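Open the structure in your viewer and keep the selection tool ready. We will go from stop to stop, selecting as we go.

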Amino acid sequence: MPEEVPHFVPPEIQNNPFGWGPCEMPDQFKDMPYQPFSKGDRIGKISDWTGLSQDKKYLNKYQSQFGGGTQYTYYHEEDENTFHLVDTARVQKPPYQRGRHFRQGGRMMRGQGGRGGISRLPGGSNQFQSLGKLNKLQRDRKNPNARRGWNNKQGGRSNKNNMQMKSRDASVTVRADWNTIEEMDFVRFSKLSLPTVKDPEDLVCCGSLEYYDKTYDRINVKNEKPLQRVDRLFHTVTTTDDPIIRKLVKTVGNVYATDAILACLMCCTRSNYSWDIVIEKVGDKLFFDKRDNTEFDLLTVNETAVEPPSEEANSLNSPRNLALEATFINHNFSQQVLKTGEARYKFEEPNPFVSDDETDGEVASVAYRYRKWDLDNGIVLVARCEHDSVLQVPNGDLQFLTIKALNEWDSKLSGGVDWRHKLDVQRGGVLATELRNNACKLAKWTVQALLAGSDYIKFGYVSRVQVRDSSKHVILGTQQYKPTEFATQINLNMDNAWGILRCIIDLCMKQKDGKYLIMKDPNKPLIRLYDIPDNTFDSDNDENEDEEIGEKSTIPAELLPPNP
């Protein structure tokens, strides 16, 4: 019997001479609605019967690139004559029902001329009017901008309520082997006070300073000056790496820090961004240090503003890029306003961080004061403070200066105050905006000037040449204050600042010997004290060296207590 050959029936293929696809609609798909879609569309809701997004901030976030479509829209096809309009006119109440207390004689009437009240018109007329509305109309005629301003306030208030809280990242990742010892909220800190701190005592003064150039005091918006790049070395040495503090540890004090670290702790209640400080307790001594290769020394920008800079990493105005720009401006401005090439004012000791064989570049104008404060109850604080320049007044006296720079990056995103229009005529308004947007940074600068004993703190106003270019800047003006007067102006209470520092010191003194970390919570107004392992944050080289000597610690060997 011959084998059956399998039969193959080819399908019917339609030839479309005008395009791609079938020529006719298949029967099974007729009268079926079709909604085009894209695989790149975001899935936001399982079903949206209204077609309206509830997220007002991102209206187009979940919309398809093909549009919403009308395939599923409901149409009412019945006769419109079946509907009738309901009368919504307000029924006028009789006079005896309008007020809570009403008498025909005009007494006991609610309001008595207050807001929304009723009152008899002059001449004994029985007509009534709303005095609140009448006064409001009169106010609007006299001040047409009042209503507009009220609307703006209401809009700003509603926007503030609808604003989503931005979740910030911590300055350091908390590890599983860290133990939380204490949480200290800023409300408790704001109630502390230590008013018995006496004037400090100078232990060592070293470094050299260039004289301030007074011609920069005459700069204004119409006479601006370009900011120059000054290639000089700036040393940001932490506490335990300071050779002077290593010598002082053997003879004086039991708490050691730098002015930048102290200012960060004293002004912690004004900070919003996360930061951290390492503390090591050795016997009865405390060492406050910053971690290596961190952003501790970078200056924040608009940290305390109502709308801080966006967290987009690639943006020109991201917090990190603005911090780098502000630090660059401060370094260059503090050196440009000096009389370079002339003789410097020198202290008794040279700069301790400059070695004899160092030829990398010129060292910046800076002088260091190592000062001692007695905080009572056996707590003696030793800290390194800095001056940026010196000024010789007509009577021959010398005045030490702390020089800082405020920078404008985009007036539309930082308060709406354009420095080029307001700085010469409303400098107080410009400074008030900076105090609101950079309250923490200005407070820390003031504390550093007070700790160092500077006679004046000079501020420079530096702005971008072009808003979209963060590499070119101009100096628009300068301003100076006495640190004590400026502290009063910005509502900085040094008794409270010392109280915060003393509270942290007392808490650390109660702990056993070891390493600890203080970190500001990135999203809450509080700081936490962690007990961390001794080898935390040690680099590979440090660990290798420690393994050789059988000790793992960032404290120098000469500062450690002798082995029993």
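**Stop 1: the cavity**

Select helix 8, residues 427-437. This helix gives four residues to the lining of the largest cavity, the largest share. The model is a predicted one, so treat each stop as a feature of a prediction.

Now select the whole lining: Glu-408, Ser-411, Ser-414, Val-417, Trp-419, Val-430, Thr-433, Glu-434 and Asn-437. How do these residues divide into nonpolar, polar and charged? Three are nonpolar, four are polar and two are charged. The volume of this cavity is about 50 Å³. The structure holds one cavity of 30 Å³ or more.

**Stop 2: the whole chain**

Zoom out and color by secondary structure. The chain has 12 helices and 19 strands. It contains 564 residues, and 39% of them are buried. Look at the surface next. About 35,500 Å² is exposed, and carbon and sulfur atoms supply 49% of that area.

Now think about contacts. Take those in the chain with a separation of 6 or more. Residues 24 or more positions apart account for 69% of them.

**Stop 3: the largest nonpolar core**

Select Phe-288, Trp-498 and Ile-504. They belong to the largest nonpolar core, which has 68 residues. Within that core, these three touch the most other members. Which helix gives the most to this core? Select residues 494-509: helix 11 gives nine residues.

Stay on Ile-504 and show its contacts. Beyond its neighbours within four places in sequence, Ile-504 is in contact with Phe-189, Leu-265, Phe-288, Ile-518 and Ile-527.

Another core lies apart from the largest one. It has 16 residues. To find it, select some of its members, among them Val-204, Cys-206, Ile-244 and Tyr-368.

**Stop 4: Leu-526**

Select strand 19, residues 526-532. Leu-526 is in this strand. Is Leu-526 buried or exposed? Its relative accessible area is 12%, so it counts as buried; the cut-off is under 20%.

Now draw a distance from Leu-526 to Phe-189, C-alpha to C-alpha. The two residues are 337 residues apart in sequence, but 9.3 Å apart in space.

Show the contacts of Leu-526, leaving out neighbours within four places in sequence. One set to select is Glu-183, Met-184, Asp-185 and Phe-186, which are among its contacts. Its contacts also include Met-519, Lys-520 and Asp-521.

**Stop 5: the loop between strand 9 and helix 6**

Select strand 9 (285-289) and helix 6 (319-336), then the loop between them. Three residues here are worth a click.

Start with Val-301, which lies in this loop. Its relative accessible area is 3%, so Val-301 is buried. Draw a distance from Val-301 to Ala-326: their C-alpha atoms are separated by 7.3 Å, and the two are 25 residues apart along the chain. Leaving aside neighbours within four places in sequence, Val-301 is in contact with residues including Tyr-273, Pro-309, Leu-322, Ala-323 and Ala-326. Add Asn-407, Trp-409 and Asn-438, which are also in contact with Val-301.

Next, select Asn-302, in the loop as well. Check its backbone angles. Phi of Asn-302 is near 55°, a positive value in a residue other than glycine. Asn-302 has 3% relative accessibility, so it counts as buried.

Last in this loop, select Ser-315. With a relative accessible area of 18%, Ser-315 is buried. Apart from neighbours within four places in sequence, Ser-315 is in contact with Ser-310 and Asn-321.

**Stop 6: Asn-377**

Move to the loop between strand 12 (366-374) and strand 13 (380-387), and select Asn-377. Asn-377 is not a glycine, yet its phi is positive, about 55°. Is Asn-377 buried or exposed? Its relative accessibility is 70%, so Asn-377 counts as exposed; the cut-off is over 50%.

**Stop 7: Glu-24**

Finish before strand 1 (118-120). Select Glu-24, which lies in the segment before that strand. Glu-24 is exposed, because its relative accessible area is 60%. Then draw a distance to Gln-14. The C-alpha atoms of Glu-24 and Gln-14 are separated by 8.8 Å, and the two are 10 residues apart along the chain.

Key. Residues are numbered from 1 along each chain as its sequence is written. This is a predicted model: local features need pLDDT of at least 70, side-chain atom pairs count only at pLDDT 80 or more; totals for chains, interfaces and linings use all residues. Side-chain values use heavy atoms; hydrogens and water are left out. On a 1 Å grid over the protein atoms alone, a cavity is a set of points where a 1.4 Å probe fits but cannot get out, and a pocket is an open set with protein on both sides within 12 Å along at least five of seven lines; lining residues have an atom within 4 Å of a point. Grid points are joined across faces, edges and corners, and a volume is the space filled by probe spheres set on the points. Helices (H or I, at least four residues) and strands (E, at least two) are DSSP runs, numbered from the N terminus. Ala, Val, Leu, Ile, Met, Phe, Trp, Tyr, Cys and Pro count as nonpolar, Asp, Glu, Lys and Arg as charged, and the others, Gly among them, as polar. Buried means under 20% relative accessible area, exposed over 50%, partly exposed in between (1.4 Å probe, protein chains only). Contact means heavy atoms within 4.5 Å. Accessible areas come from the Shrake-Rupley method with a 1.4 Å probe; for residues, only the protein chains shown count as cover. A nonpolar core is a set of buried Ala, Val, Leu, Ile, Met, Phe, Trp, Tyr and Cys residues joined through side-chain atoms within 4.5 Å.
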